[in-house]
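Thanks for coming, everyone. I'll keep this short. Please have a look at the screen.

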Amino acid sequence: MDYREAFEKIVQQQLERIEKMKAADDFIDYSKLDKIIIGVIGGDGIGPAITAHAHKILESLLAEQVAAGKVEFRVIDGLTIERRAALGKAIPDDTLEEIKQCHVLLKGPTTTPRKGDKWGNVESANVAMRKALDLFANVRPVKVPELGIDWTFFRENTECLYAMGSQGLNITDDLAIDFRVITTQGTERIARMAFDYARANGKNRVTIVTKANVVKTTDGKFLEICKQVAKDYPEIEVDDWYIDIMTAKLIDEKRRGQFQVLILPNLYGDILTDEAAEFQGGVGTAGSSNLGKRWSMFEAIHGSAPRMVEEGRDIYADPCSVIRAGAMLLSHIGFQKQADDLYAALDYCTITEKKLVITGRPDGATGAEFADYILDVAGRRPWL
Ligand code: IPM
Ligand code: MG
């Protein structure tokens, strides 16, 4: 295709997306649903193993609601890399249909094919799902009380370089161009969610992170819109930082405690949240929520670790990240008590008591043993 035509198509797609954002409904109200449907997507690599443990835990914590028909779990297993690659689709159509029948989703890691590897040029299932379900807010909390760290990242999840990550153009053999998208509507909704969160949770500072001094058009817009939204929240202090120095300041002991709520475009958010998660024990321990108006998805933030499966070590994979994502899901759909119990059990099992330890190898506990440990502790509540 002529590159001018390709570019025209891209612009058209994005203009249509803006119209959809303008017409979008309000956030779904789970308390008004007769039944909440929770989809469980194993993904691939270690995904199915660790997600099954989290599923078991959630199903047990919600046993009463399941018995009363108020909650239903549905396992969705069509999102493997083999299937995606064979069909040449980031999310197979029938799988997307199943996903859309649910209200919220718990998802294990899905392998992201890279240019030139054996899976072909299939778009990342993560990125595709965030776009298909319009999960615009990637909210990632990182807490390390003993270091004075209590950060909540609001990473924009549908735009930036990821919006068209698989639609870049090789104009000639020598010239490759990717496209970066920032929209008014897309920025406004993530900024509003971050400021609303700050207000509701007594946070008095919101930090906007861009590189607007260099990337003037798109980051310039992102910063400007965030600052406009900030005017509706006069009690909240706002500061803005460039991503390079922000990355440094997260490790500055004197400075990092001042950050509370951070708003970032997609790519910077992707990078900074991995760095941030490292303070609380690495990406294997963090959970992540992908929130939209109609659907929300909760996932582990680490990858699918195919090497662990090849070496037969998937039974030893750490399920904590996807279990934590499960706790976030419980809280999001209104089961705060169950969520609190699960968070407390995670802390008790991984920090306080540590009767079983996961090492990823046969010298540690299996994921199944660990899940039983969590369930037992959540039932006994020894922290009370
Ligand atoms: C994440 C992951 C994904 C992303 C990948 C797997 C596409 O790194 O959730 O942070 O880049 O968003
Ligand atoms: Mg990432």
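Which residues touch the most other members of the largest nonpolar core? Before I answer, one caution: this is a predicted model. Now the answer. They are Ile38, Ile263 and Leu342, in a core of 67 residues. Helix α12, residues 320-332, supplies the largest share of this core, eight residues. Apart from this core lies another one, of 18 residues. Its members include Leu96, Cys102, Ala128 and Met129. As background, nonpolar side chains in soluble globular proteins tend to be buried together.

Let's stay with Ile263 for a moment. I leave aside neighbours within four places in sequence. Ile263 then has contacts with Phe154, Ile190, Ala191, Ala194, Phe195, Val206, Thr207, Ile208, Val209, Phe222 and Cys226.

Back to helix α12. Ser321 is found in this helix. Is Ser321 buried or exposed? Ser321 counts as buried, because its relative accessibility is 0% and the cut-off for buried is under 20%. What does Ser321 touch, not counting residues up to four places away in sequence? One run of partners is Val283, Gly284, Thr285, Ala286 and Gly287. The others are Ala300, Ile301 and His302.

Next, the ligand. Which residues are around ligand 1? Here they are: Thr112, Ser124, Asn126, Val127, Arg130, Arg140, Arg155, Tyr162 and Asp270. By class, that shell has two nonpolar, three polar and four charged residues. Helix α6, residues 125-132, gives the most to the shell, with three residues.

Now some distances. Arg155 has a polar side-chain atom 2.6 Å from an oxygen atom of ligand 1. For Arg140, a polar side-chain atom lies 2.8 Å from a ligand oxygen. For Asp270, the value is also 2.8 Å, again from a polar side-chain atom to an oxygen of ligand 1. How much of ligand 1 does the protein cover? On its own, ligand 1 has 320 Å² of accessible area, and the protein covers 80% of that.

On to the loops. Most residues other than glycine have a negative phi. Two residues here go the other way. Cys160 is not a glycine, yet its phi is positive, about 60 degrees. Cys160 sits in the loop between β5, residues 149-156, and β6. At 0% relative accessibility, Cys160 is buried. Ala305 also has a positive phi, about 45 degrees, and is not a glycine either. Where is Ala305? Look in the loop between β12, residues 296-300, and α11, residues 306-310. Ala305 is partly exposed, at 27% relative accessible area.

Cys160 comes back as a partner of Val181. Val181 lies in the loop between β7 and α7, residues 184-200. Val181 is buried, with a relative accessible area of 10%. Outside the four places on either side in sequence, Val181 is in contact with Gln14, Arg17, Glu159, Cys160, Ala163 and Met164. Take Ala163: 18 residues away from Val181 in sequence, 6.7 Å away C-alpha to C-alpha.

Last stop, Ile171. This residue lies in the loop between β6, residues 169-170, and β7, residues 176-177. Ile171 is partly exposed, with a relative accessible area of 25%. Beyond neighbours within four places in sequence, Ile171 is in contact with Tyr3 and Ile177. Ile171 and Tyr3 are 168 residues apart in sequence. In space, their C-alpha atoms are 6.4 Å apart.

That's my tour. Over to you.

Notes: Residues numbered from 1 in each chain as written. Chains lettered and ligands numbered in written order. Predicted model: local features only at pLDDT ≥ 70, side-chain atom pairs only at ≥ 80, totals over all residues. Heavy atoms only, no water. Near = heavy atom within 4 Å. Polar contact = N/O pair within 3.5 Å; in protein donor to acceptor, adjacent residues only side chain to side chain. Areas by Shrake-Rupley, 256 points an atom, 1.4 Å probe, with all protein chains shown as cover. Helix = DSSP H or I, 4+ residues; strand = E, 2+ residues; numbered from the N terminus. Nonpolar A, V, L, I, M, F, W, Y, C, P; charged D, E, K, R; others polar. Buried < 20%, exposed > 50% of the residue type's maximum accessible area, 1.4 Å probe, protein only. Contact = heavy atoms within 4.5 Å. Core = buried A, V, L, I, M, F, W, Y, C linked by side-chain atoms within 4.5 Å.
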